[in-house]
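Biologist: I should be grateful for a close look at one part of this structure, with attention to its side-chain contacts. Please set the answer out as one connected account.

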Amino acid sequence: MSDPIQPYIARRRAARPASPLVSLIVPVFNEEEVIDQFLAAVTGIMRQAGIVHEFVFVDDGSRDATAAILSARLEAGLPGRLVGLSRNFGKEAALTAGIEHARGDVAVVLDADLQDPPELVPQMLEGWRAGYDVVYGLRVDRTSDTAVKRGSASAFYRLFNRLSNIDLPHNAGDFRLIDRAVIEALKELPERNRFMKGLFAWVGFSAMALPYERPARAAGTTKWNYWKLWNFALDGLTGFSTVPLRVWTYCGAGVAALAFAYALFLVLRTMVFGIDMPGYASIMTAILFFSGIQLLSIGIVGEYVARLFNETKQRPIYLVRDVIAGPATDPEAPLANRHDDND
């Protein structure tokens, strides 16, 4: 059976330029310990591969010398710009800012800690030239992560794919190449509660996986902790699935059926054996059990209501303090030409 998207891939492949402008989107937050090492590695790889590129650094409210280092490097001729956010809005907002400020034919999302191997960027470009709109990194080795993190991540991917109507590739992070068409599609999504992995999957487009071994962080410390990861998972599940709400409809119907059956049993028993005094322990157990069920269901409904509350306020996803571009980059230059299907 032939691939149903092959005609689209063939048309894309025929229209792709040989030397696209690649926007390297790099969210940074307190990365002064690793940023010079990152720049040396990425710049060397880009030059060796002959890739025309620009950096789009998004400073998510860093409190160290990250902005000063990047500003000096841009002034010295590093191609690209530094988008400074007015405070720390979180990585999802920083990624959104990077996507909206990218001017390339394609964009590559990279972490500054070098856990996303920049040497894979040329291979991603080969996949793009072959006609794919998205080339995402697929982690085949996560030994650099703790066993708890690996287990919880695996459980999340399985649960997410069961509950949502989109397929989120297992062990695929934000490290990926996206075509200009995908960039423009993502810019059409205005939601405030951002779960970028889900949004990357939701917009669709032809995609291919690029397996890689995830290395340890080159320097510095991670900005994530288990509490943040838990909230991140909640945002993902509630942003792409209403199953948790629907479950309580069935739970309520089941509990009501059991209560009706038990009430019928009590009536029949009383009619046959006479009045029976129920025990205090059984009453308290039933009250506490059903109270817990009600509070849990109200809490899940509250998660969705809180997200509706945030969406209705219509606040911007992020605010920009300043955009710093080096002398080699015109901050007002137009976006790269978009290559449409009809080209």
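Is Asp36 buried, partly exposed or exposed, and what is its relative accessibility?

Modeller: The model is a predicted one. Asp36 counts as partly exposed, because its relative accessibility is 41%. Its partner is Arg73: the two form a salt bridge in which the closest N and O atoms are 3.4 Å apart. Asp36 lies in helix 2 (residues 35-49) and Arg73 in helix 3 (residues 66-75), so this contact ties together parts that are 37 residues apart in sequence. Arg73 has a relative accessibility of 31% and therefore also counts as partly exposed.

Helix 2 also contributes an aromatic residue, Phe38. A search of the whole structure finds 3 aromatic pairs. In one of them, Phe38 and Phe57 meet edge-to-face, with 6.5 Å from centre to centre and 75 degrees between the planes. Phe57 belongs to strand 2 (residues 53-59), so the pair ties helix 2 to a part 19 residues away in sequence. Phe38 counts as buried because its relative accessibility is 1%, and Phe57 is buried with a relative accessible area of 0%. Ring pairs join these two residues and Phe55 into a cluster. Helix 2 thus carries the partly exposed Asp36 as well as the buried Phe38.

The salt bridge of Asp36 may be set beside others in the model. The structure holds 10 salt bridges. One of them brings together the side chains of Arg12 and Asp133, at 3.3 Å from N to O. Arg12 lies in helix 1 (residues 6-15) and Asp133 in the loop between helix 5 (121-129) and strand 5 (134-141), so parts that are 121 residues apart in sequence are tied together. Both Arg12 and Asp133 are buried, whereas Asp36 is partly exposed. Arg12 and Asp133 also belong to a network of salt bridges that includes Arg16 and Asp179.

A further salt bridge joins the side chains of Lys91 and Asp111, at 2.9 Å from N to O. Lys91 is in helix 4 (residues 91-101) and Asp111 in the loop between strand 4 (106-109) and helix 5, so the contact ties together parts that are 20 residues apart in sequence. Asp111 counts as buried because its relative accessibility is 14%.

To return to the part in question, helix 2 is tied to helix 3 through Asp36 and Arg73, and to strand 2 through Phe38 and Phe57.

Methods. Residues are numbered from 1 along each chain as its sequence is written. This is a predicted model: local features need pLDDT of at least 70, side-chain atom pairs count only at pLDDT 80 or more; totals for chains, interfaces and linings use all residues. Side-chain values use heavy atoms; hydrogens and water are left out. A salt bridge is a side-chain nitrogen of Lys or Arg within 4 Å of a carboxyl oxygen of Asp or Glu. Helices (H or I, at least four residues) and strands (E, at least two) are DSSP runs, numbered from the N terminus. Buried means under 20% relative accessible area, exposed over 50%, partly exposed in between (1.4 Å probe, protein chains only). Rings of Phe, Tyr and Trp (its six-membered ring) pair if their centres lie within 6.5 Å; planes under 30 degrees apart count as stacked, over 60 as edge-to-face and the rest as tilted.
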